Amino acid sequence: MSFPNLPPKPPTRQIRALQDQDGARITVYQAYPSTIATAAVAHQRLDASPDFRTTRMTWIKPSWAWMLYRSGYSYKDPGQERILAIKMKREDFLWQQQHEE
């Protein structure tokens, strides 16, 4: 049986991230300790705190609810007590995916 009016089946794996109208920037979420989060919000830069390390193993999520769950609703670990919404260029996000270790 064929249903021509149905939209195509979505891919098995896809990323559903909030994006700007033109699709150039997306919003992802990341959990941080208060020392990093407070400085990042105040200065609008992740590296505003001396505690920030680019070598720190971290996870970014395209969904706030998913990050909230993964961080134990901010109670699981003191290093994940604040969740930041991070706007980034879509191409930077895609590059990160292709170069993750």
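What follows is a short exchange about a predicted model.

Biologist: In what order do the 3 strands of the open sheet lie?

Modeller: This model is predicted. Its open sheet has 3 strands, and the pairing is antiparallel. Strands of a sheet pair through backbone hydrogen bonds. The order is β1-β2-β3.

Biologist: Which are the edge strands?

Modeller: Look for strands that pair on one side only. Two fit that description, residues 18-19 and residues 82-89. They are β1 and β3.

Biologist: Over how many bridges do β1 and β2 pair?

Modeller: Strand β2 covers residues 25-32. Its pairing with β1 is antiparallel. Within this part of the sheet, Gln19 stands opposite Ile26 in β2. As for the bridges between β1 and β2, there are 2.

Biologist: At about what angle to β3 does helix α1 run?

Modeller: Helix α1 spans residues 34-43. It lies across β2 and β3. Its angle to β3 is about 45°.

Biologist: And at about what angle to β3 does helix α3 run?

Modeller: Helix α3 takes in residues 90-98. This helix, too, lies across β2 and β3. Its angle to β3 is about 105°.

Biologist: Which residues of α1 are buried?

Modeller: Buried means under 20% relative accessible area. The cover over the buried residues of α1 includes β2 and β3. An α-helix has 3.6 residues a turn, so residues three or four places apart point the same way. The buried residues of α1 are Ile36, Ala37, Ala39 and Ala40.

Biologist: Which residue follows α1, and what is its phi?

Modeller: The sign of phi there is positive. The residue is Gln44, with phi near 55°.

Biologist: Is Tyr69 buried or exposed?

Modeller: Tyr69 sits in helix α2, residues 64-70. Its relative accessible area is 53%. The cut-off for exposed is over 50%. Tyr69 is therefore exposed.

Biologist: Which residues make the nonpolar surface patch?

Modeller: The patch covers about 570 Å². Tyr69, one of its members, is exposed. Tyr73, also a member, is partly exposed at 47% relative accessible area. The patch is made by Trp66, Tyr69, Tyr73 and Tyr75.

Biologist: What is the phi of Tyr73?

Modeller: Tyr73 is in the loop between α2 and β3. It is not a glycine, yet its phi is positive. The value is about 55°.

Biologist: What is the relative accessibility of Ser74?

Modeller: Ser74 lies in the loop between α2 and β3. It is not a glycine, but its phi is positive, about 70°. Ser74 counts as partly exposed, and its relative accessibility is 25%.

How values were computed: Residues are numbered from 1 along each chain as its sequence is written. This is a predicted model: local features need pLDDT of at least 70, side-chain atom pairs count only at pLDDT 80 or more; totals for chains, interfaces and linings use all residues. Side-chain values use heavy atoms; hydrogens and water are left out. Patches are made of residues with over 30% relative accessible area and no salt bridge: like charges are joined within 9 Å, nonpolar side chains (Val, Leu, Ile, Met, Phe, Trp, Tyr) within 5 Å. Accessible areas come from the Shrake-Rupley method with a 1.4 Å probe; for residues, only the protein chains shown count as cover. A salt bridge is a side-chain nitrogen of Lys or Arg within 4 Å of a carboxyl oxygen of Asp or Glu. Helices (H or I, at least four residues) and strands (E, at least two) are DSSP runs, numbered from the N terminus. Buried means under 20% relative accessible area, exposed over 50%, partly exposed in between (1.4 Å probe, protein chains only). Two strands pair if DSSP finds at least two bridges between them. Contact means heavy atoms within 4.5 Å. Axes are lines fitted to C-alpha atoms, for helices over the stretch in contact, and angles run from 0 to 180 degrees between N-to-C directions.
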